[in-house]
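Here are a few notes for you on how the helices sit together. Have the model open while you read.

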Amino acid sequence: MFEDQATKVKITSVVIVVGMSSMLAAVVTDHWAVLSPRVEKLNATCEAAHFGLWRLCKKSIFMVEEDPEGKGCGPISLPGAKNCSYFKHFTSGEEAEVFEVKTQKEYNISAAAIAIFSLFFMILGTLCVIFSFGKGRDYLLRPAGMFFAFAGLCIIISVEVMRQSVKRMIDSDETIWIEYYYSWSYTCACASFTLLILSGVALLLISMPHMPRNPWETCMDAEPDTLD
């Protein structure tokens, strides 16, 4: 690998590490979206919820005054009794709860599966980048760039699936949720998409042959750069 090429790969690798860390944070946490019912009266308990790819958490919050941000029951950071359930452990109950569980299981299983594909592509891309530093193995930068680009695409698809999940929950007349906002796990996933897509494109550009320095030269005529 050429010296300037290795430097660019190292800089890109730092961006990749940040993107992968953001993706892992999004996958393992359950703050993709916060759902809130209508607050009928103050000095009473309301039930807000937040969820991720694997589970949904409901929190009973005692409302003394209206939420200054106008987001119904909450904010979710207020103290209250919390109950979290993984989607595969949900059981049937009231009609609204049955609809809620069915909706979340359909969408979240899909989003989680796509996120796992993203993790798989990130692992492959990381291995390609590591081995590309070996002598004569800079060709591995091309598949590495493609793997990270595929990982980014899987992430944004997973984000869209979750967005549709929230939209269906809010639009349904069979659920109590009327307010929602996306939380920090969702932001981590979006940031990861941006960083991994840019990193993948960067690796593909780095792996391209060096352009000739003068317009009358061909790629074969251009002087080669000095090796490490």
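1. Start with residues 109–133, keeping in mind that this is a predicted model. The stretch is 96% helix and 0% strand, and its end C-alpha atoms are 37 Å apart.

2. Residues 140–161 can be read in a similar way: 95% of the span is helix and 0% is strand. Here the end C-alpha atoms lie 32 Å apart.

3. Both spans carry a label in the UniProt record, an unreviewed entry, which places "transmembrane region" at residues 12–34, 109–133, 140–161 and 181–206.

4. Now for the packing. Two packed helices are described by the angle between their axes and the distance between the axes. For helix α3 (residues 141–171) against helix α4 (residues 184–207), the angle is about 155° and the axes are 7 Å apart. Angles over 145 degrees count as roughly antiparallel, so α3 is roughly antiparallel to α4.

5. The crossing of α3 and α4 is left-handed. What kinds of residues make up the contact of α3 with α4? They split into 19 nonpolar, five polar and two charged.

6. Helix α4 also packs against helix α1 (residues 3–28), at an angle of about 160° and with the axes 8 Å apart. That angle makes α1 roughly antiparallel to α4.

7. As for handedness, α1 and α4 cross in a left-handed way. The contact of α1 with α4 has 15 nonpolar residues, eight polar and one charged.

Conventions. Residues numbered from 1 in each chain as written. Predicted model: local features only at pLDDT ≥ 70, side-chain atom pairs only at ≥ 80, totals over all residues. Heavy atoms only, no water. Axes fitted to C-alpha atoms, helices over the stretch in contact; angles between N-to-C directions. Helix = DSSP H or I, 4+ residues; strand = E, 2+ residues; numbered from the N terminus. Parallel < 35°, antiparallel > 145°, perpendicular 65-115°, else oblique. Left-handed = near helix turned anticlockwise from the far one by under 90°. Nonpolar A, V, L, I, M, F, W, Y, C, P; charged D, E, K, R; others polar. UniProt positions renumbered as here; feature names shortened; annotations may be inferred.
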